[in-house]
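Visitor: Hello! I am new here and would enjoy a close look at one part, together with its surroundings. Please explain each term as you go.

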Amino acid sequence: MTDLTALTLAEARDALAAKQLSSLELTQAYLSAMERGRQLNAFIVETPEQALAMAQASDARIAKDEAGPIEGLPIGVKDLYATKGVHTQACSHILHHFKPTYESTVTSQLWRDGAVMLGKLNMDEFAMGSSNETSYYGPVASPWLPPNWSVEKARAALRSDKRGLLVPGGSSGGSASAVAARLCLAATASDTGGSIRQPAAFTGACGIKPTYGRCSRYGMVAFASSLDQAGPIARTMRDAAIMLRSMAGYDPKDSTCYDAPVPDYEAAIGRSIKGLKIGVPKEYRLDGMNAEIEKLWGQGVEWLRAAGARIVDISLPNTRHALPAYYIVAPAEASSNLARYDGVRYGLREPGKDITDLYEKTRAAGFGEEVRRRVMIGTYVLSAGYYDAYYVRAQKIRTLIKRDFEIAFADGVDAILTPATPSAAFGIGEKGSADPVEMYLNDVFTVTVNMAGLPGLVTPAGRSAEGLPLGLQLIGRPFDEETLFALGEVIEQSAGRTVLPQAWWG
Amino acid sequence: MSVDQATVRRIAHLARIAVTDEEVPHLQGEINAILSFVEALGAVDVEGVEPMTSVIPMKLPMRADVVTDGEIGRLVLANAPLTEDDFFLVPKIIE
């Protein structure tokens, strides 16, 4: 039997439409793949009965020629999306046993369009992390073998504590690992400081964080409300475009959601980029920058130039303030959003002698270390006497960061090309234990985009000397995701589509 | 700017997260590492700059002041750790 999981989302869609394949067969192939790949720990909840029921319903609709745009296609859902009646905990112990009585808008749109739910995907707790190592359910292994590791060594590590295996990135580590390991056709993910783009870059997948307000945040467990945004991780640019079209759209239940029609993003795939002006920002060239990353960036410039784009050097002078400002704004908003986890109405409750004791014990028992760290930083920077010096100042710097981009766009720049990550994927257990800031530096190229509310796309572009995936990032004008897809497709075609790793894990 | 142990305990109380005496010095170190990372922002010239209040330029939308939801008490209580009739149960608040 041919490996059905080798088909991309677009190929599977076309095969289903041509009745060469049923959703039931495809879903069963993915359920088997998930079972073989269980030790990667990408899925924390599998929903096989629901998946098979949805697949059968999809097959019935296809038979009646009533197929939706993504009918019968099996996908994974990041654990912070509310899925009615199904475990939704943002991989935190404090949401112990939480099963929402409602569905998030993004996932309800995916089901409306016919997708099949395979299960919930692992993530850093409350989306706080860049390696999926802060999850209550344990780390996720990337399907990419660490350099010079034998399959036997990797399998042994997978069965024990996973140390040394590669991180898939974070916070959407489960989403990226599952997509790259072909355990699902595509996955929903979310991005607050890089949580779609960095894992996509680490695993050779495609990811897009659309413009703030493009997708509804209703039913997404909130981390930082002015930075969070939903988006897909997929194997190709076309697949990501197809997913985003179903995920995006106005929702009156999210007051920060933008009311404008959703274009057919797939139509932008293959669109000419002749004459587009691409900015290359000098401030993204960091001191001591990894030479491979710098070379890949230059290669990306050449590919776009060869396809007819004009390349210009630009300056985004406030770039270096973005990461520190983010580590004030995001924890501050998180401390407010996570105040609701108090043991009263849902989730974990630790007994206490009075209400304050109940709150304090529940939150101490329920939050992991990274979450506790960020809630406390956030509480401090919002507290009396510090609010102006920290939070207000950081929000002013945000205005400056956004203004840098607005000036570039006003000058006729259509998109900006930058590296995605400062390095290829590192090993589980390798970073962050001594100094929390070491892990934060992973976000250096991605946080500016959330701070400015702009769309950011990552596409695989090459490999490190050790054979690990490296990606490039494209930053666009507000609500111009189409230009990003057109440019991303050029890079994908020029670089050649990523050859995903063959299963060594089961 | 750095925090002392008394401040760490005060922040923990504001955040309603219990911390043990053993944990305080470690937390103090972590918080100070982050504070020193963000310290450089103090030198940025933000004279005359407005703080960002809306990520994309839009006015907060309004809707008609009518009841559109309700009668879902059962659903609201569905995930509660402890309930009685239509109430969440908690330890005594007022002496």
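Guide: Let us begin with one term: a residue is buried if 20 or more other C-beta atoms lie within 10 Å of its own, exposed if 12 or fewer, and partly exposed in between, with C-beta atoms placed from the backbone. By that count, buried residues make up 15% of the 95 residues in chain B, while 61% of the 506 residues of chain A are buried.

The model is predicted: local features need pLDDT (the predictor's confidence in each residue, from 0 to 100) of at least 70, side-chain atom pairs count only at pLDDT 80 or more, and totals for chains, interfaces and linings use all residues. Residues are numbered from 1 along each chain as its sequence is written, and chains are lettered from A and ligands numbered from 1 in the order in which they are written. For the complex, the predictor gives an ipTM of 0.95 and a pTM of 0.97. Chain B has an average pLDDT of 93, with 99% of its residues scoring at least 70.

The part I have picked is helix 10 of chain A, residues 322–337. Before we zoom in, here is its setting. Chain A has 16 helices and 11 strands (helices, H or I of at least four residues, and strands, E of at least two, are DSSP runs numbered from the N terminus). The radius of gyration of chain A is 21 Å, close to the 23 Å from the globule rule for 506 residues, so chain A is as compact as a globular protein of that length. (That radius is taken over C-alpha atoms, and the rule is 2.2 Å times the number of residues to the power 0.38.) The C-alpha trace of chain A spans about 65 × 55 × 50 Å along its principal axes.

Chain B has three helices and two strands, which run α-α-α-β-β from the N terminus on. Its radius of gyration is 22 Å, well over the 12 Å that the globule rule gives for 95 residues, so chain B is more spread out than a compact globule. Its C-alpha atoms fill a box of roughly 55 × 45 × 25 Å along the principal axes.

Now for helix 10 of chain A itself. Inside its own chain, its axis comes within 7 Å of the axis of helix 12 of chain A (residues 369–382), and the two cross at roughly 95°. (Axes are lines fitted to C-alpha atoms, for helices over the stretch in contact, and angles run from 0 to 180 degrees between N-to-C directions.) These two helices are therefore roughly perpendicular to each other. (Under 35 degrees counts as roughly parallel, over 145 as roughly antiparallel, 65 to 115 as roughly perpendicular and the rest as oblique.)

Which residues of helix 10 of chain A meet helix 12 of chain A? They are A:Ile328, A:Pro331, A:Ala332, A:Ala334 and A:Ser335, and their partners include A:Arg374, A:Val375 and A:Gly378. (Two residues are in contact if their C-beta atoms, placed from the backbone, lie within 7 Å.) The residues of this contact divide into eight nonpolar, three polar and one charged. (Ala, Val, Leu, Ile, Met, Phe, Trp, Tyr, Cys and Pro count as nonpolar, Asp, Glu, Lys and Arg as charged, and the others, Gly among them, as polar.)

One of the partners deserves a stop. A:Gly378 lies in helix 12 of chain A and is buried, with 28 other C-beta atoms within 10 Å. Leaving aside neighbours within four places in sequence, A:Gly378 is in contact with A:Pro331, A:Ala332, A:Ala334 and A:Ser335.

Helix 10 of chain A also packs with helix 2 of chain B, at an angle of about 130° and with the axes 8 Å apart. That makes helix 10 of chain A oblique to helix 2 of chain B. A:Pro324, A:Tyr327 and A:Ile328 make this contact with B:Ile34, B:Phe37 and B:Val38. By class, it has six nonpolar, no polar and no charged residues. A:Ile328 thus appears both here and in the contact with helix 12 of chain A.

Stepping back, the contact between the chains takes 55 residues from chain A and 39 residues from chain B. Among the elements giving two or more residues to the chain A side are helix 10 and helix 12, and helix 13 of chain A gives the most, with 10 residues. The chain A side divides into 26 nonpolar, 14 polar and 15 charged residues.
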